[in-house]
Amino acid sequence: MSQMLFSHDTELTLRAASVLINSNRVDGEQLGDLAALDEYLDHFGWTGRRDHDAAELAGVHQLRERLGRIWEAAEDEPRAVGQVNALLSDMRASPWLTRHPEMPEWHLHLASIHDPLWQRMGAEMAMALADLIRAGELRRLKICAAPDCDAVLVDLSRNRSGKFCDTGNCANRQHVAAYRERRSNK
């Protein structure tokens, strides 16, 4: 069993952010309608207000683009920190401790359940990114190393050795290509 590097909610939120970003980077738009958004939200256990309208979906799409820019800036720490700080401010993050029957450990909520969905998501994701930065682990935010893939990943491996996303079988494809290259050079 692997040891968690961060709190459960931080790791879950970082994964949710990477899945959100990748929802339009691999195989076209995956969050094109409200049913797809509901499926994503249910998968990651998002609670609170849901308006189920085009404005909500557009807000989530805008958040997705903004998060993608943070991943792309991860190698430039001051730039990434500035973007995370701006996201925290713009989302009006206001932390408070809570727990739920299905998740009895104390965890942080960063926005009111009455705030718009994209604002709650942005606040939670910005705080998870802040946790990563405070731990000196910004380099865990990566773009897939496969030359034909733009997907992002959060590398939660112990030794930060993850290079490939899990959205397009990229690691396997790259290993097979390297094997074939080695075989052809013999």
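This is a short chat about strands, cysteines and salt bridges in a predicted model.

Me: What should I know before we start?
Reply: It's a predicted model, where local features need pLDDT of at least 70, side-chain atom pairs count only at pLDDT 80 or more, and totals for chains, interfaces and linings use all residues. Residues are numbered from 1 along each chain as its sequence is written, and side-chain values use heavy atoms, with hydrogens and water left out.

Me: Ok, how many disulfides are there?
Reply: Zero, where a disulfide means a pair of cysteine sulfur atoms within 2.5 Å.

Me: Why doesn't cysteine 170 bond with the closest cysteine sulfur?
Reply: Because that sulfur, in cysteine 165, is 3.7 Å away, too far for a bond.

Me: And is cysteine 170 buried or exposed?
Reply: Buried, at 1% relative accessible area. Buried means under 20%, exposed over 50%, and partly exposed in between (1.4 Å probe, protein chains only).

Me: Switching topic: how many salt bridges does the whole structure have?
Reply: Twelve. A salt bridge is a side-chain nitrogen of Lys or Arg within 4 Å of a carboxyl oxygen of Asp or Glu.

Me: Which residue does aspartate 38 meet in one?
Reply: Arginine 50, at 3.1 Å from N to O. Aspartate 38 is in helix H2 and arginine 50 in the loop between H2 and helix H3, so the pair ties together parts twelve residues apart in sequence. Helices (H or I, at least four residues) and strands (E, at least two) are DSSP runs, numbered from the N terminus.

Me: Which residues form a network?
Reply: Salt bridges link Glu29, Arg64 and Glu65.
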